[in-house]
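Student: Got a minute for the ligand site in this one? Let's see it first.
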Amino acid sequence: MPLEGEYEPSPEQWVRDQVEQYESSGGTEGTTLRGMPVVVLTTRGAKSGKLRKTPLMRVEHEGRYAVVASQGGAPKHPVWYHNLKADPRAELQDGPLRQDMTAREVTGEEKARWWERAVAAYPDYADYQKKTDREIPVFVLERV
Ligand SMILES: C[C@H](OP(=O)(O)OC[C@@H](O)[C@@H](O)[C@@H](O)Cn1c2nc(=O)[nH]c(=O)c-2cc2ccc(O)cc21)C(=O)N[C@@H](CCC(=O)N[C@@H](CCC(=O)O)C(=O)O)C(=O)O
């Protein structure tokens, strides 16, 4: 059952624009960042209850996805991290494919495996982690 509710666009223009292009083209345009594939994660705002849509780098393995709360190596988690912790139900758009997902933050050995896949998909993640003492969280998304 897809998440329902009022969509509240990101306050960041470039983010809003990428979501708009991605969705209005049915997932055929606005699907990359510097040539690397991007997905759009929809979460429920932990306070507002509104729908938040967040472009993220695409990390996929055998039908499961990871999303990486890197925010460029900033000292604080991105806000969408707290949304997923409060409500793990999400929707993921990968190109034209939209799927209902449940998110689970991973740790230890499982996180190390997914971190490797994430860095392979988007090498900048490794630089972001070097830039901050914050341990960058990873969620695995599995189809509902
Ligand atoms: C700016 C802020 O966004 P954020 O959720 O912190 O997420 C920051 C970024 O991670 C987000 O902009 C990403 O899309 C940036 N980004 C990536 N960010 C990443 O962390 N990882 C990526 O791999 C990534 C890739 C990427 C690719 C393309 C692109 O365009 C952007 C990309 C935001 O939307 N703030 C809102 C609030 C959002 C929100 O969810 N509010 C909650 C409250 C939550 C609470 O306060 O607990 C609510 O509605 O209830 C606001 O200030 O009004």
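Student: Start with the pocket. Which elements each supply at least two residues of the lining of the largest pocket?
Tutor: Those are α1, β3, α2 and α4, the last spanning residues 124-131. Keep in mind that this is a predicted model.
Student: Which one gives the largest share of that lining?
Tutor: β3 does, with six residues.
Student: And what volume does the largest pocket have?
Tutor: About 940 Å³. It is lined by 31 residues, and Val15, Thr54, Gln71, Pro78 and Trp80 are the closest to its centre.
Student: How does the lining divide by residue class?
Tutor: There are 17 nonpolar, nine polar and five charged residues in the lining.
Student: Okay, ligand now. Where does it sit?
Tutor: The ligand takes up the space of the largest pocket.
Student: How many residues surround the ligand, and which are the closest?
Tutor: The shell has 26 residues. Gln18, Lys47, Ser48, Val79 and Tyr125 are the closest to the ligand.
Student: What does the shell look like by class?
Tutor: It splits into 14 nonpolar, nine polar and three charged residues.
Student: Which elements each supply at least two residues of the shell?
Tutor: α1 (13-24), β3 (51-57) and α2 (79-86) each do that. The largest share is from β3, which gives five residues.
Student: Let's get to atoms. Which residue has a polar side-chain atom 2.8 Å from a ligand oxygen?
Tutor: Arg52.
Student: What about backbone atoms? How far is the polar one of Gln71 from a ligand oxygen?
Tutor: That distance is 2.9 Å. Trp80 also brings a backbone N or O atom to a ligand oxygen, at 3.0 Å.
Student: How much of the ligand does the protein bury?
Tutor: The protein buries 81% of the 1,000 Å² that the ligand exposes when taken alone.
Student: Quick recap for my notes?
Tutor: The ligand occupies the largest pocket. β3 gives the largest share of the pocket lining and the largest share of the ligand shell. Polar atoms of Arg52 and Gln71 lie 2.8 Å and 2.9 Å from ligand oxygens, respectively.

Methods
Residues are numbered from 1 along each chain as its sequence is written. This is a predicted model: local features need pLDDT of at least 70, side-chain atom pairs count only at pLDDT 80 or more; totals for chains, interfaces and linings use all residues. Side-chain values use heavy atoms; hydrogens and water are left out. A residue is near a molecule or strand if one of its heavy atoms lies within 4 Å of it. A polar contact is a pair of N or O atoms within 3.5 Å; within protein, one must be able to donate a hydrogen and the other to accept it, and residues adjacent in sequence count only if both atoms are side-chain atoms. Accessible areas come from the Shrake-Rupley method with a 1.4 Å probe; for residues, only the protein chains shown count as cover. On a 1 Å grid over the protein atoms alone, a cavity is a set of points where a 1.4 Å probe fits but cannot get out, and a pocket is an open set with protein on both sides within 12 Å along at least five of seven lines; lining residues have an atom within 4 Å of a point. A molecule sits in a cavity or pocket if more than half of its atoms lie within 2 Å of its grid points. Helices (H or I, at least four residues) and strands (E, at least two) are DSSP runs, numbered from the N terminus. Ala, Val, Leu, Ile, Met, Phe, Trp, Tyr, Cys and Pro count as nonpolar, Asp, Glu, Lys and Arg as charged, and the others, Gly among them, as polar. Grid points are joined across faces, edges and corners, and a volume is the space filled by probe spheres set on the points.
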